[in-house]
Amino acid sequence: MYIIIYDFGTSSLKTCLFEIDTNIRLVASSSGSYGLYISDDGGAEQDTEEWWNTICSTTRDLFIDSEVRPDEIEGMAFCSQMQGTVLVDEKGNALRRPMNYLDQKGVREYKDCMGSGLVKVSGCNLYKLVRNLLVNYAGSTSAKDPIWKYKWVENNEPEIFNKVYKWLDINDYLVARCTGRVMRTADSAFATFLYDTRKGKEGWNKGLLKMYKVKPEHMPDIIECTDIAGHLTGKAAKELGLIEGIPVFGGGGDTTFVNIGAGCTKPGDTHIYVGTSGWVSTFLDYQTVDINAMITGVLSAKRGYYNYYAELETAGKCFEWVINHVALDEVGVYLKKIQITDVESKYISIYDYISEVISEVPPGANGIIFTPWMHGNRCPFEDSNAGGIFFNIKVENSKKDMLRAVLEGICYHLRWLLECEEDKVKTSETIRFVGGGALSSVVCQMLADITGRTIETVNNTQEVGAIGTALVVAAGITGDDVLELAKQLIKPNHSYRPNPQNMEGYGRSFEVFKKLYKSNSANFKRLNS
């Protein structure tokens with residue numbers, strides 16, 4: 001069978017055409033990008049027409065480079081960034097630019113609601129937090145959470161808010177645009193922290209809606225990620241270059257499907273993902289939470305399972321920053337030599353180039369430590385004022401040291417998240433490493449040395465979210481169990497064991513890394529609040 005999956009990231013889309021039988025094969029793919037508009041008030045917004053134009057152009061590209069015909073497509077779905085806010089009218093049209101998960105304009109709304117009260121935990125009103133935890137093992141403890149985006153529009157753009165029909169996440173909006181059906185998948189509903197996860201009570205919790213003063217009529221019907229949401233409309237099919245009536249599955253968020261695409265489908269399996277953002281996630285058959293470290297069990301694609309998920313908001317984004325602002329001259333010269341025009345190939349090639357450069361620098365980056373908190377941080381501490389630091393630079397250090405320090409800093413933070421997960425759950429000794437960060441053998445070995453764990457990679461590591469979504473769609477078509485299907489089809493392709501010679505030095509730097517936030521939190525607040 002042939003399936004189209006849209007891997008919809010923070011600032012780029014990869015549209016994938018998969019063939020699934022006894023194996024899963026990427027037949028063709030096409031990439032495109034769209035804007036992320038950061039404003040001084042903490043805003044991070046995007047444009048729906050930029051999204052749709054990119055979806056249309058990349059879909060048409062699939063059939064240029066393959067022999068597959070549009071009438072052979074048996075299903076399609078989106079694997080999208082999460083915790084966005086798209087407010088739509090009755091026809092599913094966005095009433096304003098969508099607010100990305102990085103948007104933190106709602107700081108005042110968050111503080112007015114959660115910062116009140118005499119008794120607090122992690123800066124949050126204890127009564128409200130406990131009510132949330134009892135319902136879904138989670139809580140809106142960050143100004144970046146979707147509810148504060150919703151409340152910000154209510155308080156600051158009443159003329160728009162009064163026109164709202166439904167409140168959607170990004171995947172839900174895209175599905176609505178394809179099918180004409182306005183709904184939410186269960187995973188995106190949970191990401192609002194207004195969803196009840198208790199067995200037999202799954203759905204919007206009326207008590208939480210009332211407590212946060214959210215209008216019940218704004219909350220859409222909920223379907224499972226594995227359900228058929230609807231069928232491709234004639235209008236959407238014409239714009240995409242597809243055939244009307246193709247089943248469009250619920251799909252969902254990237255965190256929902258990456259564990260499946262990574263082959264981590266047995267309770268206790270742990271994976272690490274590095275794309276624009278990054279995370280550590282352990283697959284569980286029960287739900288738990290660590291409110292102090294801001295970690296919770298988010299819904300899996302299969303009901304009854306959870307991903308215990310700890311997030312780093314700027315992982316690959318730090319790599320992008322270091323390319324543009326630290327290595328710009330070297331990379332610029334390099335690009336003139338190689339003459340690559342395809343965006344994704346250029347990115348991979350630059351990554352290979354910088355990996356080769358940093359391999360010349362000894363582990364520990366000659367004493368430099370970098371903190372990857374370039375748009376604040378969420379876990380294991382919540383602070384929108386936190387920033388990146390190059391610590392301990394000396395006259396003998398070079399730009400190459402700084403490049404290596406950035407990648408090591410990302411790995412230090414991932415180790416920190418892994419240790420926080422260990423406080424609550426048993427993580428696996430062997431960890432699957434996926435996403436664009438796993439393209440480099442240098443980074444894979446670095447992660448093994450810093451975490452002290454064996455690191456495994458898989459084929460098509462950049463497409464693991466899309467692969468996981470494709471397996472969900474395939475299972476929906478055939479009736480197979482998606483966890484068993486993933487176990488059969490996803491196998492490791494390489495393994496990296498920790499080098500004992502590097503672990504002691506990394507351990508010393510890691511202890512310093514963890515202290516840098518505590519030492520500078522007051523300074524971050526003084527400069528950035």
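Tyr412 is buried (under 20% relative accessible area with a 1.4 Å probe, protein chains only; over 50% would be exposed, in between partly exposed), with a relative accessible area of 1%. Phe513 counts as buried too, at 0%. This is a predicted model, where local features need pLDDT of at least 70 and side-chain atom pairs pLDDT 80 or more, while totals for chains, interfaces and linings use all residues. Residues are numbered from 1 along each chain as its sequence is written, and side-chain values use heavy atoms, leaving out hydrogens and water.

Now for the rings. Phe, Tyr and Trp rings (six-membered for Trp) pair if their centres lie within 6.5 Å; planes under 30 degrees apart are stacked, over 60 edge-to-face, the rest tilted. The whole structure has 25 such aromatic pairs. Take Tyr110 and Trp148: they sit edge-to-face, 5.7 Å centre to centre with 70° between the planes. Tyr110 is in helix α2 (residues 107–114) and Trp148 in helix α4 (residues 146–156), so this pair ties together parts 38 residues apart in sequence. Both Tyr110 and Trp148 are buried.

Back to Tyr412 and Phe513: their ring centres are 5.6 Å apart and their planes at 45°, so that pair is tilted. It links helix α14 (residues 399–422), home of Tyr412, to helix α18 (residues 500–528), home of Phe513, across 101 residues. Helices here are DSSP runs (H or I, at least four residues), numbered from the N terminus, as are strands (E, at least two). Tyr412 and Phe513 also belong to one aromatic cluster, with Trp373, Phe381, Trp416, Tyr506, Phe510, Tyr517 and Phe524.
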